[in-house]
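Thanks for asking me to look this one over. My notes are below as numbered points, to be read with the structure open beside you.

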Amino acid sequence: MIIFVIDMRNYLLAILSGILFSISWPVNGIVYFVFFAFVPLFIIVENFDFNQKRAAWKFMFFSFLSFLVFNLFTTYWVFYASPFGAAAAFILNSLFMSLVMLIYFYSTKILSKRLAYFSFVIFWLSFEYLHLNWDLSWPWLTLGNIFSAHPNWVQWYSYTGALGGTLWILVINFMFLKLYKFKKYYELRIRYLIMISLLFVIPLGTSYLIYNYAL
């Protein structure tokens, strides 16, 4: 019964993550949700029982489910052009994203928390870079491209490219994870709220300066 409840919770968290990504995406998306869309998946990792049978396969399934929801809701229109191509794109792209999450899953077991967080950022940025520079390129779901409807937010892309936006999103997601983990500790929550605020204000302020004064 306990295992069933835990699995249901993980199903719900995985689907929630996929929905948060989906409703963040252009066109007419609510971009703010992307800054904590990874958090439900991170919570699954934090609470996962590594000792259960086929732990990696079970986590891979939850991760794949999340990214499949994301891919289906954001790129469903590809189906109208090519049903087979769309199915292949949905499955492969979800699989690639899930593999990055699986590497992070294992890294939390063998590395310290900070190193695991840092390694995930490196893994995801490497995945997106590869995904932009090979024959199976699929740039539509590069995280940094989510700000295409808000160019005034990311004028610093002229220096970092879209991967700079991806880095911004990933770091803030980890800050929100910390905020969730320390929900019972008021002082720590205040500290992370301040850090999250600065992570929003500084890049946005920099973009405003570049936009208005052509730094």
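1. Let's begin with helix α6, in this predicted model. Which residues of α6 are buried? They are A116, Y117, S119, F120, V121, W124, L125, F127, E128 and H131. The cover over these buried residues includes α2 (39–47), α3 (55–75), α5 and α8 (162–181).

2. A quick check on the geometry of α6 comes out well. With 19 residues at 1.5 Å a residue, α6 should span 27 Å, and its end C-alpha atoms are indeed 27 Å apart, so the two values agree.

3. Now to the aromatic residues. Searching the whole structure gives 40 aromatic pairs. One of them is F61 with F62: the ring centres are 6.0 Å apart and the planes stand at 65 degrees, so this pair is edge-to-face. The cut-off behind that label is an angle over 60 degrees. These two neighbours have unlike surroundings: F61 is partly exposed because its relative accessibility is 40%, whereas F62 is buried, at 4%.

4. Another pair, F120 with W124, belongs to α6 itself. Here the ring centres lie 5.8 Å apart and the planes make 40 degrees, so the pair counts as tilted. Why are F120 and W124 about one helical turn apart? Because they sit 4 residues apart in helix α6 (residues 113–131). Both F120 and W124 are buried.

5. F120 and W124 are also members of an aromatic cluster, and you may like to highlight the whole set. F21, W25, F38, F42, F67, F70, Y104, Y117, F120, W124, F127 and F174 make up this one cluster.

6. Next, have a look at I44, which is placed in helix α2. Is I44 buried or exposed? I44 is buried because its relative accessibility is 0%. Leaving aside residues up to four places away in sequence, I44 touches N10, L13, A14, F59 and F62. The last of these, F62, is itself buried. I44 and S63 are 19 residues apart in sequence, and their C-alpha atoms are 9.1 Å apart in space.

7. Helix α2 also takes part in the salt bridges. How many salt bridges does a search of the whole structure find? The search finds 2. As a reminder, side chains of opposite charge can pair when their charged atoms come close. One salt bridge joins K113 and E46, with 3.2 Å between the closest N and O atoms. K113 is in helix α6 and E46 in helix α2, so this pair ties together parts that are 67 residues apart in sequence. K113 is partly exposed at 36% relative accessibility, and E46 is partly exposed too, at 23%.

8. E46 has a further partner. The side chains of K181 and E46 meet in a salt bridge at 3.4 Å, N to O. This pair links distant parts of the chain, with K181 in helix α8 and E46 in helix α2, 135 residues apart. K181 counts as partly exposed because its relative accessibility is 29%. Through shared partners, the salt bridges join E46, K113 and K181 into one network.

9. Turning to the surface, there is a nonpolar patch to note. L92, L95, L99, L130, W134 and L136 form this patch, and together they have about 480 Å² of accessible area. Which helix gives the largest share of the patch? That is helix α5 (residues 83–110), with 3 residues. L99 is found in helix α5, and L99 is partly exposed because its relative accessible area is 38%.

10. One last residue to find on screen is Y159, in helix α7 (residues 157–160). Y159 is exposed because its relative accessible area is 60%, and the cut-off for that label is over 50%. Y159 and R9 are 150 residues apart along the chain, and 41 Å separates their C-alpha atoms.

Conventions: Residues are numbered from 1 along each chain as its sequence is written. This is a predicted model: local features need pLDDT of at least 70, side-chain atom pairs count only at pLDDT 80 or more; totals for chains, interfaces and linings use all residues. Side-chain values use heavy atoms; hydrogens and water are left out. Patches are made of residues with over 30% relative accessible area and no salt bridge: like charges are joined within 9 Å, nonpolar side chains (Val, Leu, Ile, Met, Phe, Trp, Tyr) within 5 Å. Accessible areas come from the Shrake-Rupley method with a 1.4 Å probe; for residues, only the protein chains shown count as cover. A salt bridge is a side-chain nitrogen of Lys or Arg within 4 Å of a carboxyl oxygen of Asp or Glu. Helices (H or I, at least four residues) and strands (E, at least two) are DSSP runs, numbered from the N terminus. Buried means under 20% relative accessible area, exposed over 50%, partly exposed in between (1.4 Å probe, protein chains only). Rings of Phe, Tyr and Trp (its six-membered ring) pair if their centres lie within 6.5 Å; planes under 30 degrees apart count as stacked, over 60 as edge-to-face and the rest as tilted. The expected span of a helix is 1.5 Å times one less than its number of residues. Contact means heavy atoms within 4.5 Å.
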